[in-house]
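Please open your viewer and get ready to select residues by number. We will take the stops one at a time, and each stop tells you what to look for.

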Amino acid sequence: MLGVKTAALPASLRRTNQRTVISLLLRLGRASRADLAKAAGISQPTAGKITTELLRLGIIQQAGSAAEGIGNGNGGHSRLGRPGQLLRLDAQHRRFLAIELGVAETCVSALPVGVQLEDRWTHSFKTPKSPEAWLDRLRTAVKGQDASQLWGVLVSVPGIVDEQAGTVLFSPNLHWLEKTRLPELLRSLWDLPVVLVQEIRALALGHLTAEPGGEDFLLIDFGQGVGGAVVLDGELFSQPIPLNGEVGHTPVAGNLRRCGCGARGCLETLVSESGLLEGFAASQKIARKGLRPSWRSFVTRVNSSGLDPWLQEALDATARVLAGALNVLGVRRVVLTGRLTEMPACISYLRAQVQKGAVWGRFGEITCQAAPHHRAAGLVAAGLDRLVLPTDNDAGAIGPNLYPARTA
């Protein structure tokens, strides 16, 4: 699922159905096999086979009778005949150690398969400027963590990431990653499989988990940089080369700002957090005084006074890049996450400009929706895909027999 996109073979179709069942249980809380079959659009025998396998792996567990209804138990409808057995994701056992390795901050949590959709990290610390210092801080943060039940370590990483090789080829805002073999570094703490996931792809997987039946989408995240990822036909899109959604490094005419990648004029120098603050400081004529405005003061200004001309120009440039991407991909939905979503006026303006610029906007509606981060859920989805639910021909996957703890 995280590899190169191929035609749907029986093994990959089975895994797609498995992920759909997992996603449905994540949203519903509890459901019977019949309910899962209906919601997933699969036959009841197929649903039975899938749930039996997921029970064997310890991914789901029985949750009582369906006599009181479906969903999470709050209401529901009564049934005639023998009530079915309810199922739910295992939220009891911590199976993955998830790490969000951010440019400014690192967040850590031990997560069950039944992870909450909202990101809730148990530990966080400022990301140091060397791998040795980062490992020391991580060791302190997770001191006392029981690793005996863990299936693997999942790491969200910024930059251009070769996920299969476990290497970071280029990270313009955190260069020490380029010289560090993260899997080897982490295995010095835990003798466990390590999965690297490019940070925006983790967000896209998380949104796909939250909305498994939604339309294809282009996800754009605005943070320390600006990145994108694409979901097509219900799959996270991948190419043979490890380069995905680098919309933030699209050059903008007339923009002379230096980017962390070494080029001038990249989009993210305008609409990343630091880029927006630079524009705000210049508009308020405080940059020459050596003052740096706070993010909160900028958000307050926009939400109270609307969009200044400089901000409209930056959003116009963003809309042109997004409209071009939609035209190439042939999708009509953009999911926007990160800092920009704190300012509804920015989202509304961007939506209108993308609608004007995208070809499909002449025939139908372009959807631009703001969404929260679901990075933790995306990391768990990646862990399940890469370590627990591999396709039959995925030679690099970890087999379930290597982890007796899964049978819990």
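## Stop one: a pocket and its walls

Strand 12 gives the largest share of the lining of the second largest pocket, 3 residues. Before you select anything else, keep in mind that this is a predicted model. To find strand 12, select residues 226–232. Then add strand 5 (105–111), helix 6 and strand 11, since each of these, like strand 12, supplies at least two residues of the pocket lining.

How much space lies in the second largest pocket? The answer is about 700 Å³. Among the 36 residues that line this pocket, Glu199, Asp221, Gly223, Gln224 and Gly225 are the closest to its centre. Show these five as sticks to mark the middle of the pocket.

## Stop two: a bridge between distant parts

Side chains of opposite charge can pair when their charged atoms come close. The structure holds 13 salt bridges, and we will visit some of them.

Select Glu215 and Arg332, which form a salt bridge with their closest N and O atoms 2.8 Å apart. Where along the chain do the two partners sit? Glu215 is in the loop between helix 6 (199–210) and strand 11 (217–222), while Arg332 is in the loop between helix 10 (309–329) and strand 14 (333–338). The pair links distant parts of the chain, 117 residues apart.

Now turn on the surface. Glu215 counts as partly exposed because its relative accessibility is 37%, and Arg332 is also partly exposed, at 36%.

## Stop three: a network of charges

Next, select Glu273 and Arg339. Their salt bridge has its closest N and O atoms 3.2 Å apart. Glu273 lies in helix 8 (residues 273–283) and Arg339 in the loop between strand 14 and helix 11, so this pair ties together parts that are 66 residues apart in sequence.

Are these two partners buried or partly exposed? Glu273 is buried, because its relative accessible area is 15% and buried means under 20%. Arg339, with 28%, is partly exposed.

Add Glu342 to your selection. Its side chain meets that of Arg339 in a salt bridge (2.9 Å, N to O), and Glu342 is partly exposed, with a relative accessible area of 26%. Now add Arg296 as well: salt bridges that share partners join Glu273, Arg296, Arg339 and Glu342 into one network.

## Stop four: a helix that is largely enclosed

Select helix 12, residues 375–388. This helix has 14 residues and reaches 19 Å from its first C-alpha to its last, close to the 20 Å expected at 1.5 Å a residue. Why is helix 12 described as largely enclosed by the rest of the structure? The reason is that 14 of its 14 residues are buried.

## Stop five: out at the surface

Go to Ser304 in helix 9 (residues 295–305). Ser304 counts as exposed because its relative accessibility is 57%. Draw a distance from its C-alpha to that of Met343: the two atoms are separated by 9.9 Å, although the residues are 39 apart along the chain.

For the last selection, pick Val359, Trp360 and Phe363, which make a nonpolar surface patch of about 330 Å². Trp360 is found in the loop between helix 11 (344–357) and strand 15 (367–370). At 38% relative accessibility, Trp360 counts as partly exposed.

Definitions and conventions. Residues numbered from 1 in each chain as written. Predicted model: local features only at pLDDT ≥ 70, side-chain atom pairs only at ≥ 80, totals over all residues. Heavy atoms only, no water. Patch = residues over 30% accessible without salt bridge, like charges linked within 9 Å, V, L, I, M, F, W, Y side chains within 5 Å. Areas by Shrake-Rupley, 256 points an atom, 1.4 Å probe, with all protein chains shown as cover. Salt bridge = Lys/Arg side-chain N within 4 Å of Asp/Glu carboxyl O. Helix = DSSP H or I, 4+ residues; strand = E, 2+ residues; numbered from the N terminus. Buried < 20%, exposed > 50% of the residue type's maximum accessible area, 1.4 Å probe, protein only. Expected span 1.5 Å × (residues − 1). 1 Å grid on protein atoms, 1.4 Å probe; cavity = no way out; pocket = protein on both sides within 12 Å on 5 of 7 lines; lining within 4 Å. Points joined across faces, edges and corners; volume = space filled by probe spheres on them.
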